[in-house]
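Visitor: I'd love a close look at the side chains in the interior of this model, along with the strands that carry them. Could you take me through that part step by step?

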Amino acid sequence: MKRAIIILALLAFGASVYAHPAADLEATYSVQNKTLNISFTHSVKDPADHFIQGVEVRLNDVMIISQVCSAQDTATGGSFVYRIPNLKKNDTIRVTLICNKTGKKSATMVLK
């Protein structure tokens with residue numbers, strides 16, 4: 001029994017080594033185009049199996065975008081573009097990317 005528990009623990013640890021959140025997340029807002037541009041680095045072997053599954057965008061702590069994805073652009077990462085009109089100075093945008101295996105990566109920006 002003790003041996004089975006140790007084996008299960010090692011398997012769980014091994015799986016978590018390969019699962020990880022995005023390594024890098026960059027979010028910018030274009031006032032001219034009224035678009036939020038998100039790019040991320042998330043290096044994986046198979047972007048159809050291990051990918052950024054969820055995107056959440058909060059404006060002043062209110063969820064305004066929630067997207068579920070079934071794959072990421074490439075094995076190294078990807079990008080998203082959202083049109084968000086009527087933002088104003090000092091609005092706070094928080095972007096969170098959620099890995100389908102494990103982990104989250106967030107970035108916050110205040111419009112100037």
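Guide: Happy to. Let me begin with a term we need right away: a polar contact is a pair of N or O atoms within 3.5 Å, and within protein one of them must be able to donate a hydrogen and the other to accept it. Please also keep in mind that this is a predicted model.

With that term in hand, look at histidine 50, in the loop between S2 and S3. The side chain of histidine 50 makes a polar contact with the side chain of histidine 42, at 3.5 Å. Histidine 50 has a relative accessible area of 7%, so it is buried.

A second polar side chain worth a visit is serine 30, which belongs to strand S1. The relative accessible area of serine 30 is 18%; buried means under 20%, so serine 30 counts as buried. A polar atom of the serine 30 side chain lies 3.1 Å from the backbone nitrogen of asparagine 33. Leaving out residues up to four places away in sequence, serine 30 touches Thr35 and Asn37.

Staying in strand S1, we come to alanine 27. With the same residues up to four places away set aside, alanine 27 touches Leu36, Asn37, Ile38, Val95 and Met109. Its C-alpha is 8.1 Å from that of threonine 108, although alanine 27 and threonine 108 are 81 residues apart in sequence.

Now for the rings. The structure has two aromatic pairs. One of them joins phenylalanine 40 and phenylalanine 80, stacked with 5.8 Å from centre to centre and 20 degrees between the planes. This pair links distant parts of the chain, since phenylalanine 40 sits in strand S2 (residues 35-41) and phenylalanine 80 in strand S5 (residues 77-83), 40 residues apart. The other pair is phenylalanine 80 with tyrosine 82: the ring centres are 6.3 Å apart and the planes meet at 10 degrees, so this pair is stacked too. Phe40, Phe80 and Tyr82 thus form one aromatic cluster. Phenylalanine 40 and phenylalanine 80 are buried, and tyrosine 82 is buried as well.

Next, the nonpolar side chains. The largest nonpolar core has 22 residues, and Leu36, Ile38, Val57, Ile93 and Leu97 touch the most other members. Strand S1 (24-30), S2, S3, S5, S6 and S7 each give two or more residues to this core. S3 gives the most, with four residues. Leucine 97 offers a good view of the surroundings: beyond its neighbours within four places in sequence, its contacts include Leu25, Ile38, Phe40, Val55 and Phe80. Two rings of the aromatic cluster, Phe40 and Phe80, are therefore among the contacts of leucine 97.

Finally, the strands themselves. Four of them make an open sheet in the order S4-S3-S6-S7, with antiparallel pairing. Strand S4 (62-68) and strand S7 (104-110) are the edge strands, each pairing on one side only. From one strand to the next, the twist averages 15 degrees. Between the edges, strand S3 (residues 52-59) and strand S6 (residues 92-99) pair in the antiparallel sense over seven bridges. If you want a place to set your view, arginine 58 has arginine 94 in S6 as its bridge partner.

Key:
Residues numbered from 1 in each chain as written. Predicted model: local features only at pLDDT ≥ 70, side-chain atom pairs only at ≥ 80, totals over all residues. Heavy atoms only, no water. Phe/Tyr/Trp six-rings, centres within 6.5 Å; stacked < 30°, edge-to-face > 60°. Buried < 20%, exposed > 50% of the residue type's maximum accessible area, 1.4 Å probe, protein only. Pairing = 2+ DSSP bridges. Axes fitted to C-alpha atoms, helices over the stretch in contact; angles between N-to-C directions. Core = buried A, V, L, I, M, F, W, Y, C linked by side-chain atoms within 4.5 Å. Contact = heavy atoms within 4.5 Å.
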